[in-house]
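Me: Could you walk me through how to read the surroundings of a bound ligand and of a metal ion in a model like the one below?

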Amino acid sequence: MSAIQTLATAHWDLQDLSAAQRAQALAVVEDGGVLCLSDLPLPGLEELRWLLDPKWADPRHKNISYEPADRSLRGLLGDAAVHEAAQRLVGGFHASAMELVAALAPGYAAGMRGAAASLRLQQVEGRTTSWRKDDSRLHIDAFPSRPNRGERILRVFRNINPNAKPRVWRVGEPFADVAQRFRSRVPPYRRWQAAALHRLGVTKSLRSPYDHIMMHLHDLMKADLDYQRNCPQQTVPFAPGSTWVCFSDQTSHAVMSGQFMLEQTLHPAVAVMQAPAKAPISVLEALWQRPLA
Ligand code: SIN
Ligand code: FE
């Protein structure tokens, strides 16, 4: 099963951990585990409590996203005061998450693309969506419209629930086991199909064999109800105030309940990883026995 490791640290820059402890924590994450940091401060939440209300979320967007480059917000309703407050909350979290990743994985700075942060105000329970978008089913993240050719999806999460409600995840089996299990059900890659998807605007660039396989693994996992019920898995509650880090393109995960979360996405290149052989693309290339990017 994928490892869950908790570290009690009160410093986003991990100053109380030795270099060896940091490298070990990074190894947990690169192995597809979840690193949970229990005591990191996020000041100012008390005054922004009024912002934790789904009424500010535009129902036409999946979540409220924050673009660090220009501090712009998408999917947020309300006036300038609401936007200013959300910028403070998400912007503060963004800065802290960047500090954490810089301390945990100093090597990533050499090849990491930044991405948006998000504020998620909706309650998880009772959401209705198609099976494919249903994140209460175990899955690995793969973007349908944005092929990434093996580039990683690293995410930092923070439960900011003010009412002591945990965010409850299920975490499944290691990526290599997922890939092994579903390999025979992934249809062959066809370049003309990928080209057609691109031409039709379904994808923003040409889907590589890697993206094709990852998309199918995502769908095969979610569509298989027997797998959902019976595969190796554990339930992991993340208490309010906890922060956790994982590679969501690798860690089999599902969200079962909770409300109010902050999230930061980053895209490290495989080449800057401590152990590039652990990356999904490396695992898949070994299984498929050919280059997939
Ligand atoms: C997901 O990435 O599948 C959802 C995570 C969450 O909402 O806690
Ligand atoms: Fe996900």
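Reply: What follows takes the ligand shell and then the metal site, bearing in mind that this is a predicted model.

Me: Which residues are around ligand 1, and how many of them are nonpolar, polar or charged?

Reply: A shell is read by listing its members and then sorting them by class. Here the residues around ligand 1 are Arg120, Asp135, His139, Asp141, Arg167, Trp169, His253, Val255 and Met261, which divide into four charged, three nonpolar and two polar residues. Two strands, E7 (167–171) and E10 (253–257), each contribute at least two residues to this shell.

Me: Which side chains have a polar atom close enough to an oxygen atom of ligand 1 to count as a polar contact, taking 3.5 Å as the cut-off?

Reply: Among them are Arg167, with a polar side-chain atom 2.7 Å from a ligand oxygen, Trp169, where the corresponding distance is 2.9 Å, and His253, whose side chain places an N or O atom 3.2 Å from an oxygen of ligand 1. The protein covers 96% of the 260 Å² of accessible area that ligand 1 has on its own.

Me: Which residues coordinate the iron ion (ligand 2), and how are they spaced in sequence?

Reply: For a metal, one reads the donor atoms first and the sequence pattern second. The iron ion is coordinated by NE2 of His139, OD of Asp141 and NE2 of His253, at 2.1 to 2.2 Å, and the donor residues follow the spacing H-x1-D-x111-H. Asp141, in the loop between strands E5 (112–120) and E6 (154–159), and His253, in strand E10, link distant parts of the chain, being 112 residues apart.

Me: Are Asp141 and His253 buried or exposed?

Reply: Asp141 has a relative accessible area of 11% and is therefore buried, and His253, at 7%, is buried as well, because buried means under 20%.

Key. Residues are numbered from 1 along each chain as its sequence is written. Chains are lettered from A and ligands numbered from 1 in the order in which they are written. This is a predicted model: local features need pLDDT of at least 70, side-chain atom pairs count only at pLDDT 80 or more; totals for chains, interfaces and linings use all residues. Side-chain values use heavy atoms; hydrogens and water are left out. A residue is near a molecule or strand if one of its heavy atoms lies within 4 Å of it. A polar contact is a pair of N or O atoms within 3.5 Å; within protein, one must be able to donate a hydrogen and the other to accept it, and residues adjacent in sequence count only if both atoms are side-chain atoms. Accessible areas come from the Shrake-Rupley method with a 1.4 Å probe; for residues, only the protein chains shown count as cover. Helices (H or I, at least four residues) and strands (E, at least two) are DSSP runs, numbered from the N terminus. Ala, Val, Leu, Ile, Met, Phe, Trp, Tyr, Cys and Pro count as nonpolar, Asp, Glu, Lys and Arg as charged, and the others, Gly among them, as polar. Donors are N, O and S atoms within 2.8 Å of the metal (3.2 Å for Na, K and Ca); water is not among the atoms, so sites may look incomplete. Buried means under 20% relative accessible area, exposed over 50%, partly exposed in between (1.4 Å probe, protein chains only).
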